[in-house]
Amino acid sequence: MAARKLSQSERKIIRELIFPEPFSHLVSETGYTFGMLRDDLINLINHGFIAVLSQDDHRPLSPFYDSDNIDQYSFQATKSGLKTMQNYAI
């Protein structure tokens, strides 16, 4: 099976998630609108490239999270997400 190609915005998001980061950090660092960021995060989560974490203690929550309140979580790139990023030159 061929690897999924990441969009430019998805690559930018994964680059921000080497360490756990809250939704608010992603908004300020990427400049993306709430809707665009939400859509990209959901795509990345569904493909296993990022994990959803609780904001309090960074406990993993994937796959059980409320996508309607995605701004209440933190996120971190998974091993698979970081490996996929190796296919892209900076």
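These are my notebook entries on a predicted model, covering one strand, one helix and the salt bridges.

**Entry 1: strand 2**

I began with strand 2, residues 50-54, and asked how many of its residues are buried. Five of the five are, so the strand is largely enclosed by the rest of the structure. Next I checked which way each residue points. Ile50, Val52 and Ser54 point one way, while Ala51 and Leu53 point the other way. Both groups are buried. I recalled a handy rule here: side chains in a regular strand alternate between the two faces of the sheet.

Then I looked for the pairing partner. Strand 2 is joined by five bridges to strand 3, residues 73-77, and the two run antiparallel. I picked out one pair to find on screen: Ile50 has Ala77 as its bridge partner in strand 3.

**Entry 2: helix 2**

Which residues of helix 2 (residues 23-30) are buried? I found Phe23, His25, Leu26 and Thr30. Looking down the helix axis, I saw these buried residues fall within an arc of 155°, so they line one face of the helix. Ser24 and Ser28 sit on the other side and are exposed. A rule helped me with this picture: an α-helix has 3.6 residues a turn, so residues three or four places apart point the same way.

What covers the buried residues of helix 2? My list includes helix 1 (8-15), strand 1 (21-22), helix 3 and strand 3. I also noted Gly31, just after helix 2, which takes a positive phi of about 75°.

**Entry 3: salt bridges**

I searched the whole structure for salt bridges and found three. I went through them one by one.

- Arg38 pairs with Asp39, and their closest N and O atoms are 3.8 Å apart. Asp39 is partly exposed, with a relative accessible area of 43%.
- Arg38 also meets Asp68, at 3.9 Å from N to O. This pair links distant parts of the chain: Arg38 is in helix 3 (residues 34-46), and Asp68 is in the loop between strand 2 and strand 3, 30 residues apart.
- Asp57 pairs with Arg59, with 3.7 Å between the closest N and O atoms. Arg59 is partly exposed, at a relative accessible area of 47%.

Which residues do shared partners join into one network? They are Arg38, Asp39 and Asp68. I wondered whether Arg38 and Asp68 are buried, partly exposed or exposed. Arg38 is partly exposed, with a relative accessible area of 22%, whereas Asp68 counts as exposed at 60%.

Key:
Residues are numbered from 1 along each chain as its sequence is written. This is a predicted model: local features need pLDDT of at least 70, side-chain atom pairs count only at pLDDT 80 or more; totals for chains, interfaces and linings use all residues. Side-chain values use heavy atoms; hydrogens and water are left out. Buried means under 20% relative accessible area, exposed over 50%, partly exposed in between (1.4 Å probe, protein chains only). Helices (H or I, at least four residues) and strands (E, at least two) are DSSP runs, numbered from the N terminus. Two strands pair if DSSP finds at least two bridges between them. A salt bridge is a side-chain nitrogen of Lys or Arg within 4 Å of a carboxyl oxygen of Asp or Glu. The arc is that of the directions from the helix axis to the C-beta atoms. Contact means heavy atoms within 4.5 Å.
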